[in-house]
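Hi,

Here is the model I promised to pass on. Have a look first, and my notes follow underneath.

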Amino acid sequence: MAKTKPGKKDLDSYSIKGTNKVVRPDDCVLMRPSDSDKPPYVAKIEKLEADHRNNVKVRVRWYYRPEESIGGRRQFHGAKELFLSDHFDVQSAHTIEGKCIVHSFKNYTKLENVGPEDYFCRFEYKAATGGFTPDRVAVYCKCEMPYNPDDLMVQCEGCKDWFHPSCMGMTIDEAKKLEHFLCSDCSSEDETKRPLNSFHVSPPDEAKVESKRRKR
Ligand SMILES: [Zn+2]
Ligand SMILES: [Zn+2]
């Protein structure tokens with residue numbers, strides 16, 4: 001490998017201490033938090049580098065959990081949801097404690113089983129402002145909320161929208177037994193359609209920043 005700085009060397013891979021697992025740039029890893037009561041941090045490896053004493057440093061791009069974001073965890077955030085942040089760091093490779101997989105939202109919803117190492121990401125996150133990309137996402141159901149992949153939803157055969165059983169006055173068990181489902185709008189004579197809306201994801205301040213930027 002080409003030397004980047006005197007005494008430093010880029011590495012193609014690194015074996016996680018005490019395991020036979022090998023990580024490479026672009027892999028997602030769990031990193032030991034300074035407070036052992038907290039869940040591990042999740043990061044994407046940008047670069048692995050060894051110094052002249054063979055101390056391995058890892059340049060990472062952090063994933064944020066919803067509770068670590070400025071807006072906090074919201075109802076539509078999944079338990080395994082992460083945001084890809086614009087926050088980079090250099091850490092000792094010793095803090096890597098395991099590998100994980102951060103799926104796209106679509107692939108995550110198709111997983112047959114979600115293992116402890118499976119996460120998903122549908123938003124990029126600006127750590128300084130709390131803003132998200134994309135800034136708007138589709139909403140479903142009467143409650144007009146973005147999709148939380150942890151929640152069961154049933155699809156209406158009329159309008160093709162998806163609904164939470166609880167919002168339709170059903171239990172989860174009742175919904176699972178359904179063979180056909182029509183939402184209350186489609187099963188009534190009332191033809192008035194509710195408008196298709198989108199949900200504003202970022203905190204209000206970020207929205208202002210965005211619109212100001214666009215005007216320039
Ligand atoms: Zn709902
Ligand atoms: Zn319907």
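A quick definition before the notes: I call a residue buried when its relative accessible area is under 20%, exposed when that area is over 50%, and partly exposed in between. Also, please keep in mind that this is a predicted model.

Let's start with the rings. Phenylalanine 83 has a relative accessibility of 0%, so by that cut-off it is buried. Its partner, phenylalanine 132, is buried too, at 6%. There are twelve aromatic pairs in total. In one of them, phenylalanine 83 and phenylalanine 132 meet edge-to-face, with 4.7 Å between centres and 75° between planes. This pair joins distant parts of the chain: phenylalanine 83 sits in strand S7 (residues 81-92) and phenylalanine 132 in strand S10 (residues 131-133), 49 residues apart. Both belong to a cluster that ring pairs build from Tyr64, Phe83, Phe123, Tyr125 and Phe132. Separately, lysine 80 is placed over the face of tyrosine 119, 4.5 Å from the ring centre.

Now the metals. Which residues hold the zinc ion (ligand 1)? Its donors are Cys141 (SG), Cys143 (SG), His164 (ND1) and Cys167 (SG), at 2.1 to 2.4 Å. Along the chain they are spaced C-x1-C-x20-H-x2-C. Two of them come from distant parts of the chain: cysteine 143 is in the loop between strand S11 (136-138) and strand S12 (154-155), and cysteine 167 is in the loop between strand S13 (162-163) and helix H2 (172-177), 24 residues apart. The angles at this zinc ion (ligand 1) run from 98 to 117°, so the arrangement is tetrahedral. Cysteine 143 is partly exposed at 31%, and cysteine 167 is partly exposed at 33%.

The zinc ion (ligand 2) has Cys156 (SG), Cys159 (SG), Cys183 (SG) and Cys186 (SG) around it, at 2.2 to 2.3 Å. Here the spacing reads C-x2-C-x23-C-x2-C. The four donor atoms subtend angles of 105 to 116°, which makes this site tetrahedral as well. Cysteine 156 is buried at 0%, whereas cysteine 159 is partly exposed at 30%.

Finally, confidence. Mean pLDDT for the chain is 88, with 87% of residues at 70 or more. Strand S9 (residues 118-126) scores highest, at 98, and helix H4 (residues 204-215) lowest, at a mean of 46. Over residues 206-216 pLDDT stays under 50, and the model has six contacts beyond four places in sequence for that stretch. Where pLDDT is low, predicted coordinates should not be read in detail.

Cheers

How values were computed. Residues numbered from 1 in each chain as written. Chains lettered and ligands numbered in written order. Predicted model: local features only at pLDDT ≥ 70, side-chain atom pairs only at ≥ 80, totals over all residues. Heavy atoms only, no water. Donors = N, O, S within 2.8 Å, 3.2 Å for Na, K, Ca; no water. Tetrahedral: all angles 85-135°; square planar, octahedral: opposite > 155°, others 65-115°. Buried < 20%, exposed > 50% of the residue type's maximum accessible area, 1.4 Å probe, protein only. Phe/Tyr/Trp six-rings, centres within 6.5 Å; stacked < 30°, edge-to-face > 60°. Helix = DSSP H or I, 4+ residues; strand = E, 2+ residues; numbered from the N terminus. Lys NZ or Arg CZ within 6 Å of the ring centre and 35° of its normal. pLDDT = per-residue confidence, 0-100. Contact = heavy atoms within 4.5 Å.
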